[in-house]
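Subject: Structure handover

Hello,

Here is the structure for you to look at. My notes on what turned up follow below it.

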Amino acid sequence: MRLQGDSFRKIARTLNEEGVPSPRGFYYMAKGRPNLRGETHCWNDVTVKLVVSAYEDKVKGIMLVALCVQLMNRYEDERRGKLEQQTQLTTQLETTQEDEQATDEWLAVIRDHAQLKELDRPTLLRLVKRIEVGEKYEIAEETHRDIKIYYNFVEYVGL
């Protein structure tokens, strides 16, 4: 853009319009914390000039190669971290969507059988995944047994 003759101000305006985070905005985004100081998240001509100057210094050999490598390594680490975070969030989103879909399916099944008068085999198979019957035990001379019903879509519901 600068080689095309664009001013620093025009470059800043273009970066803002395209939603490119400024160095300060990227800093807070990378740290995952809010900008409590109220520092601007927008590009301005001074920031663009500093970035262009740093790049030109690197090309001219004025900026130490070690410093440039350090900055590039830090950027690469941040990029990898964001990619890993994106993967984790995508997995969480997919899991949540699957859970939501299963819940919706369960509610549809329950609505279909809300006025159930008699439980027949096909209805039972549609609603129940499995039933676990525990060992007998006595409390106050009464025989008891724990029964766990695992429903389709929502698994065990403890009551």
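Helices and strands here are DSSP runs, numbered from the N terminus: H or I over at least four residues for a helix, E over at least two for a strand. Read that way along the sequence, the protein runs α-α-α-α-α-β-β-β. That makes five helices and three strands. Please note that the model is predicted.

Overall figures

The protein has 159 residues, and 14% of them count as buried. About 13200 Å² is exposed, with carbon and sulfur atoms supplying 54% of that area. Take the contacts in the protein with a separation of 6 or more: residues 24 or more positions apart account for 33% of them.

The N-terminal end

Start with D6. This residue lies in the segment before α1, and α1 spans 8-17. Is D6 buried or exposed? D6 counts as buried because its relative accessibility is 13%, and the cut-off for buried is under 20%. Neighbours within four places in sequence aside, D6 is in contact with M1 and I11.

I11 also appears among the buried residues of α1, which are F8, I11, A12, T14 and L15. Seen down the axis of α1, these buried residues fall within an arc of 165°, so they line one face of the helix. What do they pack against? The partner is α3, residues 45-60. On the face of α1 turned away from the buried side, you will find R9 and E17, both exposed. After α1 comes G19, with a positive phi near 75°.

The hairpin

Now go to β1 and β2. Strand β1 covers residues 128-139 and strand β2 covers residues 142-151. They pair in the antiparallel sense, over nine bridges. Together β1 and β2 form a hairpin, with two residues between them. A140 sits in that turn, and its phi is positive, about 50°.

One cross-strand pair deserves a look. Which residue in β2 is the bridge partner of R130? That partner is Y150. The side chains meet as well: the charged end of R130 sits over the ring of Y150, 3.9 Å from the ring centre.

Aromatic pairs

How many aromatic pairs are there? The count comes to zero, where a pair would need ring centres within 6.5 Å.

To find your way in, begin with D6 and the buried face of α1. Then turn to R130 and Y150 in the hairpin strands.

Best wishes

Definitions and conventions. Residues are numbered from 1 along each chain as its sequence is written. This is a predicted model: local features need pLDDT of at least 70, side-chain atom pairs count only at pLDDT 80 or more; totals for chains, interfaces and linings use all residues. Side-chain values use heavy atoms; hydrogens and water are left out. Rings of Phe, Tyr and Trp (its six-membered ring) pair if their centres lie within 6.5 Å; planes under 30 degrees apart count as stacked, over 60 as edge-to-face and the rest as tilted. A charge sits over a ring if NZ of Lys or CZ of Arg is within 6 Å of the ring centre and within 35 degrees of the ring normal. Buried means under 20% relative accessible area, exposed over 50%, partly exposed in between (1.4 Å probe, protein chains only). Contact means heavy atoms within 4.5 Å. Two strands pair if DSSP finds at least two bridges between them. The arc is that of the directions from the helix axis to the C-beta atoms. Accessible areas come from the Shrake-Rupley method with a 1.4 Å probe; for residues, only the protein chains shown count as cover.
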